[in-house]
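Reader: I'm new to this one and would like a close look at a single part of it. Could you take me through the nonpolar core, and then show me what else is worth seeing around it?

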Amino acid sequence: MSAQMPRLLAFLVIGLVIGAGVAYAYTSSVMSTTYADLNTKISQLQSQINKLNQTVEYSIGVTLPLTGALTDVGVQWRTVVEMAFEDLNKEMQKYRMRVKFTPIIQDDKTTDTQALANVQTFHQAGIKVIIGPAASFQVKAIKSYVDDNKIVVLSPSSTAPTLAIPDDYIYRTVGSDAGQAKALAALVKSQGINKVIVFHRDDEYGVAFEDFFEREFSALGGASIGMKYDVTREDFASEVAQLSARARQEDVEGIVIITFDTDGVNILSHARKDSYLASLKWFSSEGIHGAMGLLGEDIATFIQKTNLLGTRPLFRENPLLHAFASQYKDKTGIDPPVFSANLYDAVMLAGWAVVRAGVYDGEAIRSALDEVAKNYYGVSGLTMFDENGDKLFQDYSVWTVKLVSGEYRYVDVGSYSGGVITLEE
Amino acid sequence: MTTELINTVWYACIYGLMAVPLTLSYRTSKVLNFAHGVYVTIGAYIPVLIAKGFGIKISPILAVSASFATGAIIAMASHTFVFSPLIKKKSTPVTLMIASMGLWIFIKYAFYAVLGTLQKAWMTPIFYTSPNLEIPRLISFMGMDIDAKLILIISLTAATFSLLAFFLTKTKVGMAIRAIADNPELAQITGISRDKTLLVTWAISGGVAAIGGFAWSLFAYVSPETGDNVILQVFACSVIGGLISLPITFVGSVIISSTENLLIVFLNRYLGVELSFRPFLSFFVLLLTILIRPPAGAGGGLPYRYRLRSIFRVFQREVKKNV
Amino acid sequence: MFDILSFLISWLPLFGIYAILSLCLNMEVGYAGMANFGLVAFYGIGAFVAGYTSITIFLTIYGYNYPIYSPEAIIAMGRVAGKTPWLNISVFILSLILAFLIAGLAGYLVSYPTLRVGPAFLGITILSFGEMLRVFMKHFAPTGGAYGMLGIPHPFAWIPDSAIKNTSFLILTLAILIGVLIYFELLANSPYGRVLKSIREDETASLCIGKPVPQIKARLLFVASGISGVAGALYAFYLGAVTPDMFITAVTFEVWSMVILGGRGNNFGALLGASVFSLLNRVTSILNFLFSDLPIDPNYFRWMITGALIVIILMYKPKGIIAEKPIKTEAWKIFGAYGETRRKLIAAILRIINYLKRAIYWLIGRETGYGPDIKGSKRE
């Protein structure tokens with residue numbers, strides 16, 4: 001008898017477990033069919049009520065070069081992005097839109113693989129709009145992925161002409177280099193100079209710019225010689241020495257430098273020691289504009305001596321820009337860096353496009369973006385896109401460094417529009 | 001041509017100050033140290049940070065000693081917390097090298113974080129800058145005006161290397177370092193503590209590398225990537241020195257610096273080679289140098305042509321003995 | 001919110017490419033002890049060869065006469081890429097083969113000077129080769145110079161649904177990865193693999209027992225570089241773009257960390273290292289979403305964690321996460337750890353079956369007839 005007991009108990013327990021399982025499965029299936037309709041209806045109503053009451057939060061991805069080769073400017077852009085999002089949310093509140101935008105800022109180390117990884121992470125998180133990567137080769141690396149997954153990308157600083165492709169998901173809030181090369185060529189010609197050396201970076205920015213400049217300048221009847229330098233180095237002393245020798249040999253009248261800020265400052269700091277180079281006229285693209293190094297005593301006097309003039313994409317008679325610049329200066333103590341107006345507008349356009357589309361979906365945002373950009377006037381002027389998704393109206397201003405009330409500052413001394421350079425005296 | 005020659009001198013001094021400590025640390029500890037570039041970067045930044053933080057013009061002597069101290073402390077910390085425990089676990093040189101890579105990444109981005117915070121707090125750009133030094137611009141010397149920084153760097157290099165030579169050949173600690181470098185087992189038998197000697201070596205190599213960074217900041221602007229951007233050239237100099245000989249490492253830096261400043265100019269002027277081929281050329285010269293004069297020793301062993309010949313010689317000797 | 005499938009689709013191709021690279025590097029570093037610091041050179045050669053071949057063939061067949069980097073060519077490529085499935089596939093296969101051959105040949109040629117300077121300097125010489133190649137490609141007009149190439153035709157561009165297109169590419173990448181893994185696993189466990197290990201341990205000794213060390217190394221460099229080239233070609237097709245700036249030395253260092261962390265001299269270690277590293281990148285990006293408004297940028301913490309993790313893992317596992325295992329020879333299968341494990345495993349399974357059998361017998365009240373009785377089942 002007692003020997004049978006545990007065995008019977010075991011059978012009982014097993015039977016209970018199985019029975020309970022079967023019973024649960026049966027009842028739950030019956031219950032679910034009865035209450036399913038009611039439940040979904042209630043939840044639908046609830047979500048509609050919630051939608052009306054709650055602020056919708058959208059995340060927008062931002063991939064910036066916070067480390068790596070472009071770190072200097074990338075860190076400053078981070079502040080611009082934060083400012084832009086603050087202003088965007090203020091605008092939304094002002095118009096009683098129940099929408100809030102939050103930036104997710106990721107560092108891409110100025111590499112292609114990390115930029116792609118960032119974009120993929122954004123995609124996982126359901127983000128459909130990305131402000132982003134700075135360099136053209138990074139934009140190229142993410143192009144196929146964003147086209148496939150319908151993610152809208154707004155790059156504030158990629159100017160490569162090879163990315164002027166219609167019907168893709170890549171927008172650029174900055175004009176292609178072709179336009180600026182034309183402006184720079186006109187500027188050089190207007191100074192009465194016929195032969196120049198173009199000293200430029202050996203990446204796509206420099207090479208393409210030099211290409212366009214040579215074409216435009218020879219159309220105006222000038223001659224230009226290209227000289228390129230490797231950009232992975234940090235110091236260009238020997239390159240500048242060679243530039244001086246070549247300038248003497250070719251007997252040129254001016255030097256055009258196509259640089260970013262860090263390399264440009266270094267080049268000027270070496271060039272100022274060379275008396276022959278100081279006797280020539282110097283010109284520059286927008287890349288170096290905003291670098292603090294140019295405002296130092298040594299380089300600034302060199303700029304005075306050589307009458308350095310540069311072009312930059314900017315619609316200068318723009319009150320919004322002045323307001324933005326002073327706001328930025330209050331916050332950080334320095335002038336806004338290059339392309340910050342374009343970056344600011346990229347954020348604004350992205351936000352308004354999302355609101356206009358009404359749904360957070362790549363395709364809808366893309367068509368809304370075109371519409372929004374047509375009707376938007378921002379820090380960088382008219383923002384309308386051309387059929388390639390690049391900025392259509394890009395005016396250029398002429399900048400230099402001048403002594404203003406005791407300290408050296410960047411000043412705009414002229415403008416370029418409709419093929420004509422106008423310089424103020 | 002004078003500009004090119006002056007540039008060559010500049011670069012030779014800078015590369016020498018960076019490459020010689022690399023060779024020293026490799027020879028003594030057998031760690032191919034990738035974190036070396038970080039010591040350079042931080043050494044370059046310390047005078048900048050002091051000058052900006054206190055809003056002063058910093059005197060060169062203070063700048064050099066601050067750089068040296070910081071570099072030494074960071075190098076000693078990397079020895080104490082990373083290399084020393086790993087060496088005690090009998091790790092292979094490859095493991096140590098990858099550990100140094102991890103250390104490099106860690107310190108580099110920690111430094112980025114520090115700089116980012118400081119830039120926000122001080123409201124002044126420090127990601128690309130140069131130190132505010134308390135020296136005159138030009139010095140008149142025998143009727144010529146010479147850049148004061150050039151004089152400073154030449155004397156700095158000369159002083160550093162003569163002190164280093166004195167330290168390594170004349171003092172007891174220096175001799176212990178050399179003993180550990182040549183034969184660790186034998187040296188330990190004579191009662192030299194390997195760990196302590198390595199600590200001193202790291203302090204010296206980190207400190208001198210930091211002085212190299214300071215020298216760089218005299219010449220060009222500094223950024224958090226400064227050390228990484230020059231590190232490949234610095235490795236090239238050390239490899240020419242066979243990662244074992246300090247004087248030949250300096251010769252290597254002279255070779256690389258004249259390639260980058262004289263040879264490229266020559267090629268550009270007479271053969272029309274693009275200036276942007278400059279890094280190509282320095283690595284090409286490196287390859288040529290180690291093919292013409294293969295560096296021996298330093299855990300590298302002998303190259304095959306020597307090895308085959310010597311094996312053949314041993315074989316002949318054995319045959320003769322037996323016959 | 002978190003879609004596991006789309007995560008895999010986006011993560012696995014990059015993982016596959018890096019895994020192939022780390023398997024190649026593991027063969028060189030882990031088995032043969034060759035410190036190859038110029039892996040990126042062969043990777044880059046593969047990418048450029050694939051980009052150049054495919055774009056040139058397409059432009060020639062469709063009769064366009066634009067320069068390879070011009071926007072017109074890129075737009076034209078976008079138009080014709082999805083028209084002819086057979087052309088896409090055959091161009092893809094041809095590019096992979098060419099990438100293998102050319103990158104392999106480059107590896108073989110590079111081995112000539114590098115093997116003659118002694119093992120410690122092999123690393124720095126190949127590294128120099130890689131940097132020289134990058135500078136050279138920037139000036140090499142046929143492949144677009146500094147512009148690079150854009151619009152490389154995806155092998156499955158003819159599939160309209162992008163999800164299917166990407167999944168097919170993903171499967172293809174993983175298939176190549178598995179092929180490479182099996183090949184390397186066979187190679188490593190063959191007599192050739194043992195010679196490689198002997199070279200790693202003592203070159204002079206292997207030379208003395210008559211192994212042609214330079215030839216063996218050169219042959220290994222050919223194979224491993226060729227397969228790195230295939231990885232490069234896959235990368236080019238995946239991105240649809242190639243520029244010289246993509247192939248910097250940092251890529252080599254990343255693959256090195258993968259191999260050493262996962263465990264060198266062990267193909268599965270290399271795989272594990274690659275997956276840990278690329279997953280770490282994704283996982284730490286959560287920091288950006290959680291702490292978007294800190295005074296210190298969370299991005300810096302991301303990279304600091306990566307560095308600290310390398311050091312910490314090496315502290316506790318100096319040989320990598322998966323340590324090196326003996327070569328699977330026939331004798332090892334019987335006498336070695338493998339035979340031991342197999343025996344233990346079989347014994348454990350038998351024991352479990354035995355227990356189950358006895359429990360069932362006890363339940364239905366039958367005597368087991370052997371072994372000690374389970375407690376409580378004894379009759380009075």
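Author: The largest nonpolar core has 331 residues, and the ones with the most contacts inside it are A:Val256, A:Val347 and C:Ile20. Keep in mind as you look around that this is a predicted model. Helix α1 of chain C, residues 4–31, gives the most to this core, with 16 residues. There's also a second, separate core of five residues, and B:Ala176, B:Ile177, B:Ala181 and B:Ala187 are among them.

Let's stop at A:Val256. Skipping its neighbours within four places in sequence, A:Val256 is in contact with three phenylalanines you can pick out, A:Phe199, A:Phe213 and A:Phe283. The rest of that list is A:Leu184, A:Val188, A:Val196 and A:Val198.

A:Val256 falls within the 254–258 range of β8 of chain A, and the loop between α7 (237–250) and that strand holds A:Asp251. Here the picture changes: A:Asp251 counts as exposed because just 7 other C-beta atoms lie within 10 Å, and the cut-off for exposed is 12 or fewer. Its phi is near 55°, a positive value in a residue other than glycine. Most residues other than glycine have a negative phi. A:Arg96 also has a phi near 55°, and you'll find A:Arg96 in the loop between α2 (71–94) and β2 of chain A. With 6 C-beta neighbours inside 10 Å, A:Arg96 is exposed too.

Now follow chain A to where it meets chain C. The contact takes 36 residues from chain A and 39 from chain C. On the chain A side, the elements giving two or more residues are α1 (4–53), β2 (99–107), α3 (112–124), α4 (136–149) and α6 (204–219). Of these, α4 of chain A gives the most, with seven residues. By type, that side divides into 15 nonpolar, 11 polar and 10 charged residues.

Over in chain C, there are two domains: domain 1 covers 4–316 and domain 2 covers 329–380. Their C-alpha centres lie 49 Å apart.

How far to trust all this? Chain C averages a pLDDT of 86, and 92% of its residues score at least 70. Among the elements of chain C, helix α2 (residues 39–61) has the highest mean pLDDT, 94, while helix α14 (residues 330–335) has the lowest, 69. Where pLDDT is low, the predicted coordinates shouldn't be read in detail. For the model as a whole, the scores are ipTM 0.84 and pTM 0.86.

Notes: Residues are numbered from 1 along each chain as its sequence is written. Chains are lettered from A and ligands numbered from 1 in the order in which they are written. This is a predicted model: local features need pLDDT of at least 70, side-chain atom pairs count only at pLDDT 80 or more; totals for chains, interfaces and linings use all residues. Domain bounds come from an automatic or database domain assignment. Two residues are in contact if their C-beta atoms, placed from the backbone, lie within 7 Å. Helices (H or I, at least four residues) and strands (E, at least two) are DSSP runs, numbered from the N terminus. Ala, Val, Leu, Ile, Met, Phe, Trp, Tyr, Cys and Pro count as nonpolar, Asp, Glu, Lys and Arg as charged, and the others, Gly among them, as polar. A residue is buried if 20 or more other C-beta atoms lie within 10 Å of its own, exposed if 12 or fewer, and partly exposed in between; C-beta atoms are placed from the backbone. pLDDT is the predictor's confidence in each residue, from 0 to 100. A nonpolar core is a set of buried Ala, Val, Leu, Ile, Met, Phe, Trp, Tyr and Cys residues joined through C-beta atoms within 7 Å.
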